[in-house]
Amino acid sequence: ILEELTIAQHYGIPTRLLDWTENALTALYFATNTILSETPDYAVVWVLSLDRNSDFVINDLNVNPFDLKDLKFFKPADIIQRVSSQSGWFSIHPYRGSGFYERIETNIDDSIRLNKITIHKNNISKIRETLETCGINEYSIFQDLDSLGRYVFNKYKR
């Protein structure tokens, strides 16, 4: 089921998964791609560090995520290019009823380090220019024909 949820998440279907990446530039790309309407003054990058042997990490990808009662993380198999090109990980959040999933910062212990980096909106365009100079853009992130078409169109439109 985790493979199916991974594919669904990457193609816009709401799941209980939250995307993470091992690549700091990829995280910065996503954080600065759009500013959420609830926080119009800044973007956020969350930095998470945990041991791969932690009890929070699932190593058996055959587990049923709907049976999990606690927050867990997993590295998905490279079943689609988008996941591997983004150096993706996922967290699975337990459902707490009334349409709410547990927030990550309410369910961690000392084995996990979680930091929040805020980026003021005045810095976002310069960061995006720098990412582009480093080769971090829609196409390098998604690596499919749709993203290539949008990237080329947006880069050369006048």
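## Helix α1 and Gln9

Let's start at the N-terminal end of this predicted model. Gln9 sits in helix α1, which covers residues 2-10. Its relative accessibility is 19%, and since the cut-off for buried is under 20%, Gln9 counts as buried. The side chain of Gln9 has a polar partner: it makes a polar contact with the side chain of Asp19, at 2.9 Å. Leaving out residues up to four places away in sequence, Gln9 touches Thr15, Leu17, Asp19 and Phe90.

Gln9 has company in α1, where Leu2, Leu5, Thr6, Ala8 and His10 are buried too. What covers these buried residues? The cover includes strands β1 (17-21), β3 (72-74) and β4 (88-92), along with helix α3 (81-85). After the helix comes Gly12, with a positive phi near 90°.

## Ile7, on the same helix

Ile7 is also part of α1. Is Ile7 buried or partly exposed? With a relative accessibility of 35%, Ile7 counts as partly exposed. Setting aside neighbours within four places in sequence, Ile7 is in contact with Ile79 and Ile80. For a sense of distance, take Ile7 and Glu105: they are 98 residues apart in sequence, and their C-alpha atoms are 25 Å apart in space.

## Helix α2 and Thr26

Next up is α2, residues 24-33, which is where you'll find Thr26. At the start of this helix, a side-chain oxygen of Asn23 reaches to within 2.8 Å of the backbone nitrogen of Leu25. Thr26 has a relative accessible area of 3%, so it is buried. Beyond its neighbours within four places in sequence, Thr26 is in contact with Thr21, Gln86 and Ile141. Thr26 and Ile108, by contrast, are 24 Å apart from C-alpha to C-alpha, with their positions 82 residues apart in sequence.

The buried residues of α2 are Thr26, Ala27, Tyr29, Ala31 and Thr32. Their cover comes from both strands and helices: it includes β1, β2 (42-50) and β5 (112-120), plus α4 and α5 (138-142).

## Ser85 and the stretch around Ile141

Ile141 turns up again when you look at Ser85, a residue of helix α3. What does the side chain of Ser85 reach? It reaches the backbone oxygen of Ile141, at 2.6 Å. Ser85 counts as buried because its relative accessibility is 17%. Once neighbours within four places in sequence are left aside, Ser85 is in contact with Ser140, Ile141, Phe142 and Gln143.

Two backbone angles in this part of the chain are worth a look. Ser87, in the loop between α3 and β4, has a phi near 50°, a positive value in a residue other than glycine. Gln143 likewise has a positive phi near 50° and is not a glycine. Gln143 is found in the loop between α5 and α6, and its relative accessibility of 34% makes it partly exposed.

## Two nonpolar cores

Which residues make up the largest nonpolar core? There are nine: Trp20, Phe56, Val57, Leu71, Phe73, Trp89, Ile104, Ile112 and Leu114. A good way in is Ile104, which touches Trp20, Leu48, Leu71, Phe73, His93 and Leu114 when residues up to four places away in sequence are not counted.

There's also a second, separate core of eight residues, which includes Leu17, Phe74, Phe90 and Ile92. Two of these names should ring a bell: Leu17 and Phe90 are among the residues that Gln9 touches.

## The second largest pocket

Finally, the second largest pocket holds about 160 Å³ of space. Its lining consists of Tyr29, Arg128, Leu131, Glu132, Ile136, Asn137, Glu138, Arg150, Tyr151, Asn154 and Lys155. Tyr29 came up earlier as one of the buried residues of α2.

Which helix gives the largest share of the lining? That is α6, with four residues. Helices α4 (124-133) and α6 (145-156) each supply at least two residues. By type, the lining divides into five charged, four nonpolar and two polar residues.

Key. Residues are numbered from 1 along each chain as its sequence is written. This is a predicted model: local features need pLDDT of at least 70, side-chain atom pairs count only at pLDDT 80 or more; totals for chains, interfaces and linings use all residues. Side-chain values use heavy atoms; hydrogens and water are left out. On a 1 Å grid over the protein atoms alone, a cavity is a set of points where a 1.4 Å probe fits but cannot get out, and a pocket is an open set with protein on both sides within 12 Å along at least five of seven lines; lining residues have an atom within 4 Å of a point. Grid points are joined across faces, edges and corners, and a volume is the space filled by probe spheres set on the points. Ala, Val, Leu, Ile, Met, Phe, Trp, Tyr, Cys and Pro count as nonpolar, Asp, Glu, Lys and Arg as charged, and the others, Gly among them, as polar. A nonpolar core is a set of buried Ala, Val, Leu, Ile, Met, Phe, Trp, Tyr and Cys residues joined through side-chain atoms within 4.5 Å. Buried means under 20% relative accessible area, exposed over 50%, partly exposed in between (1.4 Å probe, protein chains only). Contact means heavy atoms within 4.5 Å. A polar contact is a pair of N or O atoms within 3.5 Å; within protein, one must be able to donate a hydrogen and the other to accept it, and residues adjacent in sequence count only if both atoms are side-chain atoms.
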